[in-house]
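Work through the exercises below with the sequence and the coordinates at hand, and try each task before you read its solution.

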Amino acid sequence: QVQLVESGGGLVQAGGSLRLSCAASGSIFSINVMAWYRQAPGKQRESVAAITGSGSTRYADSVKGRFAISRDNAKNTVYLQMNSLKPEDTAVYYCKADLIQRSSDYYTDYWGQGTQVTVSS
């Protein structure tokens, strides 16, 4: 089985910073794209940032210049450094990994359980 566990969420004042982590564990052969999504109350889940195995990144326009995604392939872990946080960044943040298990022949998306980020004004 594969498990993604997020950590690092919390309450922060506007202008502050947080660093989220997401570690994938289990019978993993390879991980392709790792990504962060978020879902605010009453809104749809949206993509925040993504990173490929070779380090290519993409960001939502709303977080460009403030957030930075990175990964440690040896640890199967993805990070999201969030700076200059705004109240509108408040949401549950989820990580996703597109990976292939040792016992499988195809890539599948796996999701973490989510971590709450609250930015006060």
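The exercises that follow concern a predicted model, and they move from the whole chain to single residues.

**Exercise 1. Overall build**

Task: Establish which secondary structure elements the protein contains and in what order they occur, and decide how its radius of gyration stands against that of a compact globule.

Solution. Begin with the elements: the protein has zero helices and 11 strands, and read along the sequence the pattern is β-β-β-β-β-β-β-β-β-β-β. Next take the spatial extent, where the C-alpha atoms fill a box of roughly 50 × 25 × 25 Å along the principal axes. For a chain of 121 residues a compact globule would have a radius of gyration near 14 Å, and because the protein has 14 Å, the two agree. Finally, consider the contacts between residues at least 6 apart in sequence, of which 56% join residues at least 24 apart.

**Exercise 2. Surface and charge**

Task: Describe how much of the protein is buried, what its accessible surface amounts to, and how far apart the mean positions of its positive and negative charges lie.

Solution. Of the 121 residues, 43% are buried. The accessible surface comes to about 6400 Å², and 46% of that surface belongs to carbon and sulfur atoms. For the charges, the mean position of the 12 positive ones and that of the 9 negative ones are 4 Å apart.

**Exercise 3. The β7–β8 hairpin**

Task: Determine which side chains of strand β7 are buried, how β7 pairs with strand β8, and what is notable about the backbone of N76 in the turn.

Solution. In a regular strand the side chains alternate between the two faces of the sheet. Strand β7, residues 67–72, shows such alternation, with F67, I69 and R71 pointing to one face and buried, whereas A68, S70 and D72 point to the other face and are not buried. The pairing of β7 with β8, residues 77–82, is antiparallel and runs over six bridges, and within it S70 stands opposite Y79 of β8. The two strands form a hairpin with four residues between them, and N76 sits in this connecting loop. Most residues other than glycine have a negative phi. The phi of N76, however, is positive, near 50°. With a relative accessibility of 24%, N76 lies above the 20% limit for burial and under the 50% limit for exposure, and therefore counts as partly exposed.

**Exercise 4. A second positive phi**

Task: Locate S84 in the chain and classify its accessibility.

Solution. S84 belongs to the loop between β8 and β9, the latter spanning 91–101. Its phi is near 50°, a positive value in a residue other than glycine. The relative accessible area of S84 is 40%, so this residue is partly exposed.

**Exercise 5. Two local environments**

Task: For V119 and then for G9, state the place in the chain, the degree of burial and the contacts beyond four places in sequence.

Solution. V119 lies in strand β11, residues 115–120, and because its relative accessible area is 5%, V119 is buried. Its contacts are V12, Q13, A14, L85, K86, P87, D89 and T90. By C-alpha atoms, V119 is separated by 24 Å from R71, which is 48 residues away along the chain.

G9, in turn, is found in the loop between β1 (2–7) and β2 (10–13), and with a relative accessible area of 32% G9 is partly exposed. Its contacts are L20, T115, Q116 and V117. G9 and K64 are 55 residues apart in sequence, and their C-alpha atoms are 19 Å apart.

Key:
Residues numbered from 1 in each chain as written. Predicted model: local features only at pLDDT ≥ 70, side-chain atom pairs only at ≥ 80, totals over all residues. Heavy atoms only, no water. Rg over C-alpha atoms; globule rule 2.2 N^0.38 Å. Buried < 20%, exposed > 50% of the residue type's maximum accessible area, 1.4 Å probe, protein only. Contact = heavy atoms within 4.5 Å. Areas by Shrake-Rupley, 256 points an atom, 1.4 Å probe, with all protein chains shown as cover. Lys, Arg positive; Asp, Glu negative; His and termini not counted. Charge placed at Lys NZ, Arg CZ, Asp CG, Glu CD. Pairing = 2+ DSSP bridges.
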